[in-house]
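Thanks for coming. I will go through one structure today, starting with the chain as a whole and ending with a few residue pairs.

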Amino acid sequence: MNTKATPHLEFAPPAQPGAGRAWVLAGVAHALLFLALGLATAWKTQPQTVQAEAELWSAVPAAAAPRLQEPPPEPEPEPVPETQPTPPAKPAPPPPPAPDPALEARDAQIALEKKKQQEKKKEAEKAEKLKAEKEKAAKEKEKEKAKADKAKAEKEKAETKRKELEKEKLAKEKKAQEEKERDKKKAAEKAKADKAEKADAARADAMRQENLKRMQGMAGASGGENATGTALKSSGPSASYAGRLVGRIKPNITYPGDVVGNPRAEVEVKVGADGTIQSRRIVQSSGNKAWDDAVLRAIDKTEVFPKDSDGRVPPVIVLGFRPLD
């Protein structure tokens, strides 16, 4: 026995019992069948008779004598049909082999495995289909989200643009208002400057007239060598002059804070003959430096004092200021 050829037959199905007897019966049946076909198709031959007839013509027409009547030929005997041999009866088929429990178990196992594989395949196809549907739904959802995000971005962009345009509009309006206010302020300053220039011109003219009068009455003046007055003799200011000066200075006071109580700040002011303020100093503080400084700034801003009712300006005058007066 060759042991090298057996390993690959370990998993081959086992040989069925009665296989050799079945092959012998099949060969005998085929031989009998061929013999019956040969006998049934045997060739048959039959003789064939050919009849011919001829006529002779002479130069002188003459009628032919009647032909000798021969007796008719005897009919040929009919062929006897050959009897065909009766084909032998077909042998009974061999009984089916007895079922093998091992083969049935293996076939059942194979069928079960095949069924499991088919079920797994169906489950895999179902899972793939479900996965594809989920991916499709996710893509649709992403598209909707992207569309919504795009619409939101466009809306925000439009809102931002609207705000920028509104901001630019407000900036232009503010700029126009500022230019208008600036032009208005310039016009007011120009009017004020023109008014001040006219006042200066009038003041200068008055000073010239005063100087002429002073020069005319200088001979009767009673002041000393260092006197700065313009009158023939020195005299104090009128009773209402100090109030006039305070009323002129106070509108120029700018004090943003609150003052506790109503303190008084007294300031000594030295004035030139034409009313120009030459110097000022605090002679009695109010106790609030911010109020004292505000009063001094207001005096500086006034620059020129008006003349008294007698046409003179006192060279030195002390003024008092209270926040609530």
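A contact here means heavy atoms within 4.5 Å. With that in hand, take the contacts in the protein chain between residues at least 6 apart in sequence: 73% of them join residues at least 24 apart. Keep in mind that this is a predicted model.

Now the overall layout. The protein chain has 4 helices and 3 strands, and read along the sequence they follow the pattern α-α-α-β-β-α-β. Of its 325 residues, 11% are buried. The chain exposes about 28,400 Å², and carbon and sulfur atoms supply 58% of that area.

On to the first helix. H1 covers residues 19–40, and Val 28 lies in it. Val 28 also belongs to a nonpolar surface patch of about 250 Å², made together with Val 24 and Leu 32. As for its own exposure, Val 28 has a relative accessible area of 48%, so it is classed as partly exposed; the exposed class would need over 50%.

Next, helix H4, residues 289–302. It has 14 residues and reaches 20 Å from its first C-alpha to its last, close to the 20 Å expected at 1.5 Å a residue. What happens at its ends? At the N-terminal end, Asn 288 acts as the cap, with a side-chain oxygen 3.1 Å from the backbone nitrogen of Ala 290. After the helix comes Glu 303, which has a positive phi, near 65°.

Which residues of H4 are buried? They are Trp 291, Asp 292, Ala 294, Val 295, Leu 296, Ala 298, Ile 299 and Thr 302. Their cover includes helix H3 (241–249) and the strands E1 (265–271), E2 (277–284) and E3 (316–321).

H4 also takes part in a salt bridge. Asp 300 pairs with Arg 280, and the closest N and O atoms are 2.6 Å apart. Asp 300 is in helix H4 and Arg 280 in strand E2, so this pair ties together parts that are 20 residues apart in sequence. Both ends are partly exposed: Asp 300 has 35% relative accessibility, and Arg 280 has 29%.

How many salt bridges are there in total? The count comes to 7. I will show two others.

One of them is between Asp 310 and Arg 312, with the closest N and O atoms 2.7 Å apart. Here the partners fall into separate classes: Asp 310 is partly exposed at 40%, whereas Arg 312, at 14% relative accessibility, counts as buried, because the buried class takes values under 20%.

Then there is a network. Glu 159, Arg 162 and Glu 166 are joined into one by salt bridges that share partners. Within it, the closest N and O atoms of Glu 166 and Arg 162 are 3.2 Å apart. Where do these two sit relative to each other? Both are in helix H2 (residues 101–216), and being 4 residues apart they are separated by about one helical turn. Glu 166 is partly exposed, at 40% relative accessibility, and Arg 162 is partly exposed too, at 43%.

To recap the pairs: Asp 300 and Arg 280 link helix H4 to strand E2, while Glu 166 and Arg 162 lie within helix H2. That is the end of the walk-through.

Technical notes: Residues numbered from 1 in each chain as written. Predicted model: local features only at pLDDT ≥ 70, side-chain atom pairs only at ≥ 80, totals over all residues. Heavy atoms only, no water. Expected span 1.5 Å × (residues − 1). Buried < 20%, exposed > 50% of the residue type's maximum accessible area, 1.4 Å probe, protein only. Polar contact = N/O pair within 3.5 Å; in protein donor to acceptor, adjacent residues only side chain to side chain. Patch = residues over 30% accessible without salt bridge, like charges linked within 9 Å, V, L, I, M, F, W, Y side chains within 5 Å. Areas by Shrake-Rupley, 256 points an atom, 1.4 Å probe, with all protein chains shown as cover. Salt bridge = Lys/Arg side-chain N within 4 Å of Asp/Glu carboxyl O.
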